[in-house]
Amino acid sequence: MKSNLNGEILDRLYKKIEERKNNDPQKSYSAKLLKKGSHKVAQKFGEEAIECLIECATKNPQNLINESADVLYHLLAMWVITDISPEDVWAELHKREKISGIEEKASRNLKSSK
């Protein structure tokens with residue numbers, strides 16, 4: 001069954017995290033997490049990413065779905081805490097869509113060696 005969900009849900013979730021960052025940490029997980037700083041947000045993202053890897057390796061689709069949602073939430077929280085907008089990332093993806101992954105990676109390596 002095809003749903004009408006699409007990438008716009010990530011934009012909405014980003015806005016919700018951004019709105020909640022100044023809320024009461026006792027009432028909002030987003031506020032509590034963001035108040036702990038970028039190191040804690042990055043750590044939580046890493047934990048969720050590892051859990052995602054485990055679920056993939058053990059071929060547990062439902063748990064992988066759940067952990068993927070956690071990874072996306074924490075990725076967006078990292079963007080909020082570092083003032084990166086979804087539009088910044090969408091623009092980068094749009095640029096990369098026009099070239100192969102191999103070419104894009106090679107161009108990054110050339111830039112970093114200069």
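The legends below describe an overview and several close-up views of one predicted model.

Residues are numbered from 1 along each chain as its sequence is written, and side-chain values use heavy atoms, with hydrogens and water left out. Because the model is predicted, local features need pLDDT of at least 70 and side-chain atom pairs count only at pLDDT 80 or more, whereas totals for chains, interfaces and linings use all residues.

**Figure 1. Overview of the chain, with its six helices and zero strands.** Helices (H or I, at least four residues) and strands (E, at least two) are DSSP runs numbered from the N terminus, and read along the sequence they give the pattern α-α-α-α-α-α. The C-alpha atoms fill a box of roughly 45 × 35 × 30 Å, taken along the principal axes. Of the 114 residues in the chain, 23% are buried, where buried means under 20% relative accessible area, exposed means over 50% and partly exposed lies in between, with a 1.4 Å probe and protein chains only. Among the contacts (heavy atoms within 4.5 Å) with a separation of 6 or more, 51% come from residues 24 or more positions apart.

**Figure 2. Helix α1 and its buried residues.** Helix α1 comprises the 13 residues 8–20, and at 1.5 Å a residue it should span 18 Å, which agrees with the 19 Å between its end C-alpha atoms; the expected span is 1.5 Å times one less than the number of residues. The buried residues of this helix are L10, D11, Y14 and I17. They cover an arc of only 125 degrees around the axis, which puts them on the same side of α1, the arc being that of the directions from the helix axis to the C-beta atoms. The buried residues of α1 pack against α2 (29–35), α4 (61–81) and α5 (86–97).

**Figure 3. Close-up of D11, a residue of helix α1.** D11 is buried yet has no salt bridge, and the nearest side chain of opposite charge, that of K15, is 6.1 Å away. For this purpose Lys and Arg count as positive and Asp and Glu as negative, while His and the chain ends are not counted; a salt bridge is a side-chain nitrogen of Lys or Arg within 4 Å of a carboxyl oxygen of Asp or Glu. The side chain of D11 does make a polar contact with the side chain of W90, at 3.0 Å. A polar contact is a pair of N or O atoms within 3.5 Å; within protein, one must be able to donate a hydrogen and the other to accept it, and residues adjacent in sequence count only if both atoms are side-chain atoms. When neighbours within four places in sequence are left aside, D11 is in contact with P86 and W90.

**Figure 4. The salt-bridge network of K44, E47 and E48.** The count of salt bridges comes to four, and among them is the pair K44 and E47, whose closest N and O atoms are 3.3 Å apart. K44 also meets E48 in a salt bridge, with an N to O distance of 3.9 Å. K44 and E47 both lie in helix α3 (residues 38–57), three residues apart, and K44 and E48 are four residues apart in that helix; each of these spacings is about one turn of the helix. An α-helix has 3.6 residues a turn, so residues three or four places apart point the same way. K44 counts as buried at 18% relative accessibility, and E48 is buried too, whereas E47 is partly exposed at 30%.

**Figure 5. The salt bridge between R96 and E92 in helix α5.** The closest N and O atoms of R96 and E92 are 2.9 Å apart. Being four residues apart in the helix, R96 and E92 are separated by about one helical turn. R96 is partly exposed at 30% relative accessibility, and E92 is partly exposed at 28%.

**Figure 6. Close-up of E55 in helix α3.** E55 is buried yet has no salt bridge, and K59, the nearest side chain of opposite charge, is 13 Å away. Beyond its neighbours within four places in sequence, E55 is in contact with N60, N63, L64 and E67.

**Figure 7. Close-up of P25 in the loop between α1 and α2.** P25 is partly exposed, with a relative accessible area of 28%. P25 and K35 are ten residues apart in sequence and 7.7 Å apart in space, C-alpha to C-alpha. With neighbours within four places in sequence left aside, P25 is in contact with A31, K32 and K35.
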